[in-house]
Amino acid sequence: MTERAACMCDHGFACSSFAPGHALHLIQARLASATPLGWADALVEAADAASGVLRLRTLDGESITVWNAGGAALEATAGTPVALHRDYHVLAVGAALYNVAR
């Protein structure tokens, strides 16, 4: 039988994984901050705190759905302005940065 590793966030603890949607890696944050043209401004259309899913609408009209296990949907409720880095999958909610999975 093969055992699977589970992220600690599955058990209510801090993320122990840097996989998409989990903990933000320092290098990921630095790459996003070093490439300002990759950011797209958006508004949160819907946020489901239970599932971690957020639906965003960029200012050019594109709808993007992202997921985060670390509480981004708690911070970014419907109507919240956010920024999404398209290349490095970082969601900025004010000064807080989250790793998201599209």
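The exercises below, each with a worked solution, go through the fold, the sheet and one residue of a predicted model.

Residues are numbered from 1 along each chain as its sequence is written, and side-chain values use heavy atoms, with hydrogens and water left out. Because the model is predicted, local features need pLDDT of at least 70 and side-chain atom pairs count only at pLDDT 80 or more, while totals for chains, interfaces and linings use all residues.

**Exercise 1. Work out which pattern of helices and strands the chain follows along the sequence.**

Start with the elements, which are DSSP runs numbered from the N terminus, with helices being H or I over at least four residues and strands E over at least two. The chain has 2 helices and 6 strands. Reading along the sequence then gives the pattern α-β-β-β-α-β-β-β.

**Exercise 2. Find the order of the strands in the sheet, and name the edge strands.**

Two strands are taken as paired if DSSP finds at least two bridges between them. On that basis the 6 strands form an open sheet in the order 3-2-1-4-5-6, with antiparallel pairing. The edges are strand 3 (63–67) and strand 6 (96–99), each of which pairs on one side only.

At one edge, strand 2 (residues 53–58) pairs with strand 3 over 5 bridges in the antiparallel sense, and L56 has I64 of strand 3 as its bridge partner. The hairpin of these two strands has 4 residues between them, and in it G61 takes a positive phi near 95°. At the other edge, strand 5 (residues 90–93) and strand 6 are joined over 4 bridges, again antiparallel, and A92 stands opposite L97.

**Exercise 3. Sort the residues of strand 3 into a covered and an uncovered face.**

In a regular strand the side chains alternate between the two faces of the sheet. In strand 3, I64 and V66 make up the covered face, whereas S63, T65 and W67 make up the uncovered one.

**Exercise 4. Decide whether H85 is buried or exposed, and describe its surroundings.**

First place the residue: H85 lies in strand 4 (residues 81–85). Buried means under 20% relative accessible area, exposed over 50%, and partly exposed in between, using a 1.4 Å probe and protein chains only. H85 is therefore buried, because its relative accessible area is 0%.

Next come its contacts, meaning heavy atoms within 4.5 Å. Leaving aside neighbours within four places in sequence, H85 is in contact with A32, T35, G38, W39 and V90. Lastly, the side chain of H85 reaches the backbone nitrogen of D87 at 3.3 Å.

Definitions and conventions: Polar contact = N/O pair within 3.5 Å; in protein donor to acceptor, adjacent residues only side chain to side chain.
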